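Open the model in your viewer and keep the sequence panel beside it, since this tour moves from one selection to the next. At each stop, make the selection yourself before reading what is there.

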Amino acid sequence: MKLKNKIKSLLEKLKQLDLKNSSIKVKLPFYLLVFVLTTLILLWLVEVVFFENIYTFVKQDSLTRAGNRIVEEVDKKHADKLIEKISREDDVCVAVTDEFGNSIYSGINNRDCNAKISLDDFMLRIHDAQIHNGIYVNTFFKEEPVFDINASDPGSIKFKQTMRIIKQISYTGIVHTENRTYIVMLDARLTPLDSTVDLIRILLVMVTVILSLFALWLGWLLSKQITKPLLTITEQAQQLASGDYDVHQIVNGYREVQKLSVTLNQAAEDLQQVEKLRNELIANISHDLRTPLTMISGYAEMMRDLPGENTPENIQVILDETNHLSRLVNDVLDLSKLRSGASECTLKTYCITDSILAVIERLQALTSQEGYHIHFDYHDKVYTEADELQISQVLYNLCTNAINYTGEDKTVRIVQSIHDQTIKIAIIDTGEGIREEEIDKIWERYYRTNSDHTRAKVGSGIGLSIVKRILEQHHAQFGVSSELNKGTTFWFELPLKDISK
């Protein structure tokens, strides 16, 4: 009862702990303690509560196996030696008689273990065995006398007789042969276990206390080792959250912590790059917006203040700059939609060759006055299945980029070719090219190479990022190849659609 009350009290206290919101310093020692206590409770149940039952079961099983062996060998020549061996090794009383109780073999192990029984008990055991198919195993309690020295009279030695109750197991087997019937009887006494259980209980109390303290200490030590690198990583994460991206410390520890630390450092580098690109975006967009706004404002003031300046040419300049400003804003909005997934592609079959010719016509109208030329190389008009508006935007942005970065010949080539049911579109300029270490970065948001160039008045500076998003949305293959001082080629591929079927 005391153990039960202690366990109940412990469980009530555990319910009061808010482990869900506790730190690992609390959880780990607690879980270790729970594991140790659970193991010890099982030991208590096995070694104390169920110890006597287990002992009785084992003793009964051993007696049954010994009796069955004698039953199988009782009519053999070596039966007497077997009985003597079993009696000695298993510490049991063995008696083999005929059906009338006459002794045939016996094994008493040199002590009085009640091998001789009354005729009534003998007949009762035979009756029980017959009811149970010839073999009957029984566990029962019986009284036996105990003689103690009477110390009340110091002048003489006298013995005082008392009775005590003992637990005993009996085995009775009936064997019928051609010549006779054998009655096999085995008896084993169960040793009183009170003192043994008390000793085990004391040992378990000591083990419980020692292991509980050890579990708490080990849990505290492990939690300290585990939480130390985690706290360092937490501080770094808080540093990142505050906007300080200068985190480049690899935290040593177990493998998972090291991976987490490497990931956190990579995230810090990525955030630094994003912050750098964000600042560049603000600078680039501010510059790109300021130029047309300045032109619009300047021409509008000139037309207002100077007589005769209200000419169609000046108005056209204002309209051109307004259109340029509109394109800048639209590109930013398009990129935002593509990144958020709000822009969906509607696939349909159309002539991509005609779409390329339309884009060239638009760009020639904007750039021909500055001397730019766009050449389109193709053999036949071909069809594809894609979002016509989005692919036109890809072509427009790639051509604009080529115009901005082409060489002194101010020439851009567009090549359409067919390869295994695939249409490949390549846009080629003759500019300074892109350094190898910068090729992988040009698709990033708002990234610009360090090359100096004279930009035409088209494009927003974020066209390549829009191109990447659209082509990824179409699951299209795309790429770029470049050589310094020889030019750059941007390409992408779309499936060829046969409209003759």
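Helices in this tour are DSSP runs of H or I with at least four residues, and they are numbered from the N terminus. Please keep in mind that what you are looking at is a predicted model.

**Stop 1: two rings in helix α6**

How many aromatic pairs does the structure hold? There are two aromatic pairs, and one to select is Phe 214 with Trp 217, whose rings are tilted, with 6.0 Å from centre to centre and 35° between the planes. Because Phe 214 and Trp 217 are three residues apart in helix α6, which covers residues 194–241, about one helical turn separates them. Colour by accessibility if your viewer allows it: Phe 214 is partly exposed, with a relative accessible area of 43%, and Trp 217 is partly exposed too, with a value of 46%.

Stay in helix α6 and select Thr 208, which also lies there. Is Thr 208 buried or exposed? Thr 208 has a relative accessibility of 19% and therefore counts as buried, the cut-off for buried being under 20%. Now add Leu 43 to the selection and draw a distance between the two C-alpha atoms: Thr 208 and Leu 43 are 165 residues apart in sequence, and 10.0 Å apart in space.

**Stop 2: a nonpolar patch on the surface**

Next, select Ile 41, Leu 42, Leu 45, Val 46, Val 49, Phe 50, Ile 54, Phe 57 and Val 58, which together make a nonpolar surface patch of about 780 Å². Helices α2 (24–49) and α3 (51–73) each supply at least two residues of this patch, and the largest share, five residues, comes from α2. Leu 45, one of the patch residues, lies in helix α2 and is partly exposed, with a relative accessible area of 33%.

**Stop 3: two loop residues with positive phi**

Move to Asp 91, in the loop between α4 (79–90) and β1 (93–97). Asp 91 is not a glycine, yet its phi is positive, at about 55°, and with 38% relative accessibility Asp 91 counts as partly exposed. Then select Asp 420, in the loop between β9 and β10, where phi is near 50°, again a positive value in a residue other than glycine. Asp 420 is exposed, with a relative accessible area of 74%.

**Stop 4: lysines over rings**

Select Lys 410 together with Tyr 372, and you will find the charged end of Lys 410 over the ring of Tyr 372, at 5.3 Å from its centre. Then select Lys 424 with Trp 491, where Lys 424 lies over the face of Trp 491, 5.0 Å from the ring centre.

**Stop 5: the largest nonpolar core**

Which residues touch the most other members of the largest nonpolar core? Among its 39 residues, they are Ile 352, Ile 391, Ile 414, Ile 425, Ile 427 and Phe 492, so these six make a useful selection to end on. To see where the core comes from, colour α9 (352–367), β7 (373–377), α10 (388–405), β9 (411–418), β10 (422–429), α12 (463–473) and β12 (487–497), each of which supplies at least two core residues. Helix α10 gives the most to this core, with eight residues.

Technical notes
Residues numbered from 1 in each chain as written. Predicted model: local features only at pLDDT ≥ 70, side-chain atom pairs only at ≥ 80, totals over all residues. Heavy atoms only, no water. Patch = residues over 30% accessible without salt bridge, like charges linked within 9 Å, V, L, I, M, F, W, Y side chains within 5 Å. Areas by Shrake-Rupley, 256 points an atom, 1.4 Å probe, with all protein chains shown as cover. Salt bridge = Lys/Arg side-chain N within 4 Å of Asp/Glu carboxyl O. Buried < 20%, exposed > 50% of the residue type's maximum accessible area, 1.4 Å probe, protein only. Phe/Tyr/Trp six-rings, centres within 6.5 Å; stacked < 30°, edge-to-face > 60°. Lys NZ or Arg CZ within 6 Å of the ring centre and 35° of its normal. Core = buried A, V, L, I, M, F, W, Y, C linked by side-chain atoms within 4.5 Å.
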